[in-house]
Amino acid sequence: MACFIVPATEAVITTVATKIIKKKGSESGVRFAGKLDKLNGLLWGGSGLLAFEHLWHGEITPFFPFLTAAADAESTQRMLYEMSTSGVAMATVVTAVWAVSVILGNIIKKKSAEPVLQEEKQ
């Protein structure tokens, strides 16, 4: 019903954070902002596809309240439950996968730089 709102909200927050980090301009901050841009892409892409799917199934309307689930109290309760379970789970999984990819990328980068450092020492 509205599960895409949670990852979309996280995408807004991370986009603002990325812009702030880039504006400060420190070297490590800019590198992290580049990695955060990948998370933004994952979150915006997933949220956009989910929003399109909900639009396709008629769950999003062009008139107030915009979400058909917000029309009455019972539907709103189910919508909030879906957001707190499915929406939070999706946002958490996407963020966790991104974090693992960043950690693995750093490990691989460090491992590939070690032979070069050892050769320079000799």
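This report describes the helices, loop features, salt bridges and selected residues of a predicted model.

**Helix 1**

Helix 1 covers residues 5–24. With 20 residues at 1.5 Å a residue, helix 1 should span 28 Å, and the 29 Å between its end C-alpha atoms agrees with that expectation. The residues of helix 1 that count as buried are Val6, Pro7, Ala8, Glu10, Ala11, Thr14 and Thr18. After helix 1 comes Gly25, which has a positive phi near 80 degrees.

**Helix 2**

Helix 2 runs over residues 27–56. Its 30 residues should span 44 Å at 1.5 Å a residue, and its end C-alpha atoms, 43 Å apart, agree with this. The buried residues of helix 2 are Gly29, Ala33, Leu36, Leu39, Asn40, Leu43, Ser47 and His54. An α-helix has 3.6 residues a turn, so residues three or four places apart point the same way. Just after helix 2, Gly58 has a positive phi of about 80 degrees.

His54 belongs to helix 2. Its relative accessibility is 5%, and because buried means under 20%, His54 counts as buried. The side chain of His54 makes a polar contact of 2.3 Å with the side chain of Glu59. Neighbours within four places in sequence left aside, His54 is in contact with Met1, Ala2, Cys3, Phe4, Glu59, Ile60 and Glu82. Glu59 therefore appears both in that contact list and as the partner in the polar contact with His54.

**Salt bridges**

Side chains of opposite charge can pair when their charged atoms come close. The model has two salt bridges by the distance rule, a side-chain nitrogen of Lys or Arg within 4 Å of a carboxyl oxygen of Asp or Glu. The table gives both pairs with their N to O distances.

| Basic residue | Acidic residue | N to O distance |
|---|---|---|
| Lys22 | Asp37 | 2.9 Å |
| Arg31 | Glu27 | 3.1 Å |

In the salt bridge between Asp37 and Lys22, the closest N and O atoms are 2.9 Å apart. This pair links distant parts of the chain, with Asp37 in helix 2 and Lys22 in helix 1, 15 residues apart. Asp37 has a relative accessible area of 33% and is partly exposed. Lys22 is also partly exposed, at 42% relative accessibility.

The salt bridge of Arg31 and Glu27 lies within helix 2: the two residues are four apart in sequence, so about one helical turn separates them. Arg31 counts as partly exposed, with 47% relative accessibility. Glu27 has a relative accessible area of 62%, and because exposed means over 50%, Glu27 is exposed.

**Loop between helix 2 and helix 3**

Phe64 and Pro65 are joined by a cis peptide bond, with omega about 10 degrees. Pro65 lies in the loop between helix 2 and helix 3. Phe66 is found in the loop between these helices. Phi of Phe66 is positive, near 70 degrees, in a residue other than glycine. Phe66 is partly exposed, with a relative accessible area of 43%.

**Helix 3**

Helix 3 comprises residues 73–121. Val100 lies in helix 3 and counts as partly exposed at 47% relative accessibility. Together with Ile103, Leu104, Ile107 and Ile108, Val100 makes a nonpolar surface patch of about 460 Å². Patches take residues with over 30% relative accessible area, so the 47% of Val100 meets that cut-off.

Ala99 is another residue of helix 3, partly exposed at 27% relative accessibility. The C-alpha atoms of Ala99 and Leu39 are 8.7 Å apart, although 60 residues separate them along the chain. Leu39 is one of the buried residues of helix 2.

Ser112 also lies in helix 3. At 48% relative accessibility, Ser112 counts as partly exposed. The C-alpha atoms of Ser112 and Thr85, 27 residues apart along the chain, are separated by 40 Å.

Technical notes
Residues numbered from 1 in each chain as written. Heavy atoms only, no water. Patch = residues over 30% accessible without salt bridge, like charges linked within 9 Å, V, L, I, M, F, W, Y side chains within 5 Å. Areas by Shrake-Rupley, 256 points an atom, 1.4 Å probe, with all protein chains shown as cover. Buried < 20%, exposed > 50% of the residue type's maximum accessible area, 1.4 Å probe, protein only. Polar contact = N/O pair within 3.5 Å; in protein donor to acceptor, adjacent residues only side chain to side chain. Contact = heavy atoms within 4.5 Å. Expected span 1.5 Å × (residues − 1).
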